[in-house]
There are 2 protein chains.
Amino acid sequence: MDNDNPPSESSPCLVLDAVSPAVLGASVMDRLRQLATQHASVPAGTTLYRQGEPFQAIYAVRVGAVKTVVNDAAGDGQVLSFRLPGEFFGLTAIHAGHYVNTAIALERTAVCSLSFPALSRVADEHPALRRQLMRLMSGVILNEQDAHAALAGHAAPARLAFILLALRRRMPEPEASAETLRLPMSRADLGQSVGLTPETTSRVFGQFRRHGLIHASGRRVRFLDTVRLQAMAASISPAAPSRQVPQNVAGTTSANDGGRCSQAADGGG
Amino acid sequence: MDNDNPPSESSPCLVLDAVSPAVLGASVMDRLRQLATQHASVPAGTTLYRQGEPFQAIYAVRVGAVKTVVNDAAGDGQVLSFRLPGEFFGLTAIHAGHYVNTAIALERTAVCSLSFPALSRVADEHPALRRQLMRLMSGVILNEQDAHAALAGHAAPARLAFILLALRRRMPEPEASAETLRLPMSRADLGQSVGLTPETTSRVFGQFRRHGLIHASGRRVRFLDTVRLQAMAASISPAAPSRQVPQNVAGTTSANDGGRCSQAADGGG
DNA sequence: CGGAGGCTTGACATATATCAACGGTAGTGG
DNA sequence: CCACTACCGTTGATATATGTCAAGCCTCCG
């Protein structure tokens, strides 16, 4: 593993700092550093692991972004999720014993891997690390659950609002702030992750623009009216309590241009 | 109240047997039995825990069935997932510290609860239990991922086929067999879990009937052409070693790798 | 026997996918 | 540095699937 250009790596695996600031002791951190393998940064499109390969390590994003996809029966890939700096992926392989999806870098990306057997041994000795791992996995389930709710219960605008807000929340600075977000993925990938075609995705972007919710040019997004966006995405229980914003459904949208902009049809019945 | 006929409760918490047949030693099993609280069976509609309540225990279904729902901003509930006998729920609360969805019994149901602090203590002493728990959680993520793929990438018939096959696979006998399945939930709930209205759900059922895929009367389903159903649901790609998975759409994935067996799952806790 | 809710079906509205074309942008190579 | 080429994003016209509204029947339960 050659070293390309370490951005700001105080720790061997930036991720570990995020996961366990002071929760884990110094000794645990040392052990983790030892078993963490830093991989050289790879260009966009690189496959990190492939569906079906034997499981041996879990991964974390250091810089860049990764998408996980499953190979549809047809051969098309269905985008499942995105992993941003500080987030783990490959966890589903724990159960299956092999990777059940394929991880692909969306841009120039550096990841680190943690040998799972080795990690388990360290965890055997450190209760705090165990707890951390369980919390981690629980959090992944939580995210998936939110996505499920967004997908199952809502129309295109709500879905897009959801994924945009989720990405902004999860993306670290400086790629994201309260007002802006730089998307690491194409419109096609973004939309497909929430079950939309590229065309629909683009059209909804246009809607958002016209309604003054965002200003988007290319992969640069500026949030102009977060409150209304959140109202559209509503239903999603944010994993972050601090982020929780009252359901102030400012939904008094101008019901005009064929647009149902505020709360869309709820699957309801 | 507890006049429920014990199906085969050799263990206080049937679930534990399923989770850990021989993997865990007898001593661990004893510890688990001690900390498991068996709850009396409750009628349909009973709320097991509510979104927002403080987290203290994870649950498992002994008999009956449970749905997890999130309260939409509007107040409507969005059905997230179903829990069948032997499956756990409430796991998402580990991360959040409080329950992030509400669990409701779909029919007369008996559950048991495991105090999470107590469980953690036992796990601290038994590596095998720890592994089992991680596998469990990984399996939950896996199930959610499958659901995500089904929801995001496919039309109504595929979604319904997916959920029907998933339920048949996960439902223990005698409620399910290779050919039959007794659904514990209404059409409305079934459909909503995969983002469909009751009307659409009903129509697709009709389609399936007309095409000779199933015979459904009320909540009783008989599978007449599992192969074609699997073909429709395809999206759930069984992990194949090579990337060239796509066989034919006829779902000849057959018995071996056709489905992921994740034993106990929770999507939403 | 009566009422309530669940299921089904029909007619209609509309959101979204599909097909198609075009313009912009960025990366590539001259 | 410029031109070229892909790809990405956008937009339009059209088809289709699914949600919505509405009504009726059946089943289960009281």
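Which helix of chain A lies across β3 and β8? Here are some friendly notes to help you find your way to that helix and beyond; please keep in mind that this is a predicted model.

1. **The helix in question.** It is α4 of chain A, made of residues 116–125. Helix α4 lies across β3 (57–63) and β8 of chain A, and runs at about 65° to β8(A).

2. **The sheet beneath the question.** Strands β3 and β8 belong to an open sheet of four strands in chain A, ordered β1-β8-β3-β6, with antiparallel pairing. The edges are taken by β1 (36–38) and β6 (88–89) of chain A; each has a single partner strand, so one side of each is left without a neighbour in the sheet. As general background, strands of a sheet pair through backbone hydrogen bonds, in either a parallel or an antiparallel way.

3. **A pairing to look at.** If you would like one strand pair to start with, try β1(A) and β8 (residues 110–115) of chain A: they run antiparallel and are joined by three bridges. In this pairing, A:Gln38 stands opposite A:Cys112 in β8(A).

4. **Two domains in chain A.** Stepping back, chain A is divided into domain 1 (14–149) and domain 2 (155–233). Their centres, taken over C-alpha atoms, are separated by 25 Å. The contact between them takes 15 residues from domain 1 of chain A and 14 residues from domain 2 of chain A.

5. **What the domains bury.** Between domain 1 and domain 2 of chain A, the buried area is about 1,200 Å², and carbon and sulfur atoms give 55% of it. On the domain 1 side, A:Val79, A:Phe82 and A:Leu84 lose the most area to domain 2 of chain A, together 42% of what that side buries.

6. **Polar links across the interface.** The interface of domain 1 and domain 2 of chain A also holds three salt bridges, and six residue pairs are in polar contact there, both residues being at pLDDT 80 or more. Two elements, β5 (77–83) and α5 (127–153) of chain A, give two or more residues to the side of domain 1 that touches domain 2. The largest share of that side, five residues, comes from β5(A).

7. **One salt bridge up close.** A:Asp189 forms a salt bridge with A:Lys67, and their closest N and O atoms are 3.0 Å apart. Over all chains, the count comes to 16 salt bridges. A:Asp189 lies in helix α7 (residues 187–193) of chain A, while A:Lys67 lies in strand β4 (residues 66–71) of chain A, so the pair ties together parts that are 122 residues apart in sequence.

8. **A sheet in chain B.** Do visit chain B as well, where three strands form an open sheet in the order β9-β11-β10, with antiparallel pairing. The edge strands here are β9 (180–182) and β10 (214–217) of chain B, each pairing on one side only. On average, neighbouring strands of this sheet are turned by 15° against each other, direction ignored.

9. **Details of that sheet.** Strand β10(B) is joined by four bridges to β11 (residues 220–223) of chain B, and the two run antiparallel. B:His215 stands opposite B:Arg222 in β11(B). Helix α8 (residues 198–210) of chain B lies across β10 and β11 of chain B, running at about 135° to β10(B).

Technical notes: Residues are numbered from 1 along each chain as its sequence is written. Chains are lettered from A and ligands numbered from 1 in the order in which they are written. This is a predicted model: local features need pLDDT of at least 70, side-chain atom pairs count only at pLDDT 80 or more; totals for chains, interfaces and linings use all residues. Side-chain values use heavy atoms; hydrogens and water are left out. Two strands pair if DSSP finds at least two bridges between them. Axes are lines fitted to C-alpha atoms, for helices over the stretch in contact, and angles run from 0 to 180 degrees between N-to-C directions. Contact means heavy atoms within 4.5 Å. Domain bounds come from an automatic or database domain assignment. Buried area is the accessible area (1.4 Å probe) that two parts lose on being put together, summed over both. A salt bridge is a side-chain nitrogen of Lys or Arg within 4 Å of a carboxyl oxygen of Asp or Glu. A polar contact is a pair of N or O atoms within 3.5 Å; within protein, one must be able to donate a hydrogen and the other to accept it, and residues adjacent in sequence count only if both atoms are side-chain atoms.
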